[in-house]
Amino acid sequence: YRAANVRGAVTMKNTSVVLLADLAVGLAGFAEAAKPKKRTRNANRVGPYAVGFVGQTTYTSDATEDEELAADILLSIGPDAVQNLSVSTEDSDIGYQAAFGFRFNRYLPTELSPVQLGETVSTARADMDFGTGLLPSKAELSFTVGGPLVSIVGILPVNDRLEFFARAGYLFSSSKREVQLRVDGDNAGFGSAKGDSQDVVYGAGAAFHFGQVYSLRLEYLQLDDLGDARRSGNEDANMIGLGLVVRF
């Protein structure tokens, strides 16, 4: 009887050990499954991502014709009424884009980027004599452009932190040329013309990865012959800026 009790106790002890071992393995598996999946270095560079990008746009076309047109608007009111005429052009502005991309492997993503480049403004200023004294007046000729940019990007990884890339894309742009006349701060005339075009875009830059999910991107874009030549006119521009990449 004692021997039977001993054997029964041993059997129950062995059964308890097996159950505890099974339970420990199950809990370990559950804990492992509950952990967030850690991306490998290669997987970290593959899949969907988004980019928020802000930069400075510089319009590089010759602004002489726009400045002359702005001056002619004031002179057309009456050459004898114009005093202290001067012209100038503001050829830089803040631009931005929000890119959505998918990286098929470490070397080849595609991107769709709504882009807004900002504006360039040529201004003629003068004091105008309308018979009631001199009034400060100005005529502004502005150009703005933006639209969706579809790109293919080629990437050259240097190491786990740094990579260089080149871009070739197509911008489906919507441009607008506006003319505005103001006399003593009040609106005295306004006109605009809009045009659509498809424009080739080139770019190059570098990205620095500072985590499994985030990267900083520095990029230069070159955009030529923006706008509709028959309606809004054409402008050349470049854009350089900094972006934050977030991978999903």
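A salt bridge is taken here as a side-chain nitrogen of Lys or Arg within 4 Å of a carboxyl oxygen of Asp or Glu. Arginine 247 has no such partner although it is buried, since the nearest side chain of opposite charge, that of glutamate 163, is 6.3 Å away. What arginine 247 does have is a polar contact of 3.0 Å between its side chain and that of serine 215. The residue belongs to strand S9, which covers residues 235-247. All of this is read from a predicted model.

**Overall architecture**

The protein contains two helices and nine strands, and their order along the sequence is α-β-α-β-β-β-β-β-β-β-β. Of its 248 residues, 35% count as buried.

**Salt bridges**

A search of the whole structure gives 10 salt bridges, and three of the pairs are set out below with the separation of their N and O atoms.

| Pair | N to O distance |
|---|---|
| Aspartate 66 and arginine 177 | 3.3 Å |
| Glutamate 163 and arginine 103 | 3.1 Å |
| Arginine 177 and glutamate 235 | 3.2 Å |

The salt bridge between aspartate 66 and arginine 177 links distant parts of the chain, with aspartate 66 in helix H2 (residues 64-77) and arginine 177 in strand S6, 111 residues apart. Aspartate 66 counts as buried at 14% relative accessibility, and arginine 177 is likewise buried, with a relative accessible area of 12%.

Arginine 177 also forms a salt bridge with glutamate 235; because arginine 177 lies in strand S6 and glutamate 235 in strand S9, this pair ties together parts that are 58 residues apart in sequence. Both arginine 177 and glutamate 235 are buried. Elsewhere, Glu111, Arg167, Arg217 and Glu219 are joined into one network by salt bridges that share partners.

Glutamate 163, the residue that lies 6.3 Å from arginine 247, is itself in a salt bridge with arginine 103. Glutamate 163 is in strand S6 and arginine 103 in strand S3 (residues 92-103), so the pair ties together parts that are 60 residues apart in sequence. The relative accessible area of glutamate 163 is 4%, and the residue is therefore buried, while arginine 103 counts as buried at 6%.

**The internal cavity**

The search of the whole structure finds one cavity of 30 Å³ or more, and the largest cavity holds about 170 Å³ of space. It is lined by 16 residues, of which Arg103, Ile155, Glu163, Arg217 and Val245 are the closest to its centre. Strands S1 (47-59), S5 (134-157), S6 (162-183), S7 (186-209), S8 (214-226) and S9 each give two or more residues to this lining. By class, the lining of the largest cavity has eight nonpolar, three polar and five charged residues.

**Local backbone features**

Most residues other than glycine have a negative phi. Asparagine 84, in strand S2 (residues 82-90), instead has a positive phi, near 55 degrees; the residue is exposed, with a relative accessible area of 57%. Aspartate 225, which lies in strand S8, also has a positive phi near 55 degrees, and is partly exposed, with a relative accessible area of 48%.

Which residue has its C-alpha atom 5.9 Å from that of phenylalanine 164, although the two are 41 residues apart along the chain? The partner is glycine 205. Phenylalanine 164 is placed in strand S6 and counts as partly exposed, at 40% relative accessibility.

Key. Residues numbered from 1 in each chain as written. Predicted model: local features only at pLDDT ≥ 70, side-chain atom pairs only at ≥ 80, totals over all residues. Heavy atoms only, no water. Helix = DSSP H or I, 4+ residues; strand = E, 2+ residues; numbered from the N terminus. Buried < 20%, exposed > 50% of the residue type's maximum accessible area, 1.4 Å probe, protein only. Lys, Arg positive; Asp, Glu negative; His and termini not counted. Polar contact = N/O pair within 3.5 Å; in protein donor to acceptor, adjacent residues only side chain to side chain. 1 Å grid on protein atoms, 1.4 Å probe; cavity = no way out; pocket = protein on both sides within 12 Å on 5 of 7 lines; lining within 4 Å. Points joined across faces, edges and corners; volume = space filled by probe spheres on them. Nonpolar A, V, L, I, M, F, W, Y, C, P; charged D, E, K, R; others polar.
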